[in-house]
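Here is a short, friendly tour of a protein chain and its surface. Have a look at the sequence and the model first, and then we can walk through them together.

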Amino acid sequence: MDRPTGRSKGFAFVTYETIEEAEKAKEEMNAKFLDGWVIFVDPAKPRESRPPPPPQSPADPSSVLGFTTNKTVGWSG
């Protein structure tokens, strides 16, 4: 579930006791409809490492304080 909205992210992780049970679930459920959704069954993959965030510019005082500010001054619509 998405924490801010409370809506489903559209995926789940399921653990099986044996590889045979997991393979059977894949054979029986892959590309099937369930409650209006098409179910795709794939084995989980290890999480890929993310690159480190870019360094913050020390010239920007807001980056030193750990927050960023919106530089937009005004808007009319």
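Is Phe-33 buried or exposed? Phe-33 is exposed, at a relative accessible area of 68%, where exposed means over 50%, buried under 20% and partly exposed in between (1.4 Å probe, protein chains only).

Please keep in mind that this is a predicted model, in which local features need pLDDT of at least 70, side-chain atom pairs count only at pLDDT 80 or more, and totals for chains, interfaces and linings use all residues. Residues are numbered from 1 along each chain as its sequence is written, and side-chain values use heavy atoms, with hydrogens and water left out.

The chain holds two helices and two strands, in the order α-β-β-α from the N terminus; these are DSSP runs, with at least four residues (H or I) for a helix and at least two (E) for a strand. Of its 77 residues, 4% are buried. About 8100 Å² is exposed, and carbon and sulfur atoms supply 57% of that.

Two residues, each from a surface patch, sit side by side here:

| Residue | Element | Relative accessible area |
|---|---|---|
| Glu-20 | helix H1 (residues 19-29) | 55% |
| Phe-33 | strand S1 (residues 32-34) | 68% |

Phe-33 joins Val-38 and Phe-40 in a nonpolar patch of about 370 Å². Glu-20 belongs to a negative patch, together with Glu-17, Glu-21, Glu-23, Glu-27 and Glu-28. Patch residues have over 30% relative accessible area and no salt bridge (Lys or Arg side-chain nitrogen within 4 Å of an Asp or Glu carboxyl oxygen); like charges are joined within 9 Å, and nonpolar side chains (Val, Leu, Ile, Met, Phe, Trp, Tyr) within 5 Å.

Technical notes: Areas by Shrake-Rupley, 256 points an atom, 1.4 Å probe, with all protein chains shown as cover. Lys, Arg positive; Asp, Glu negative; His and termini not counted. Charge placed at Lys NZ, Arg CZ, Asp CG, Glu CD.
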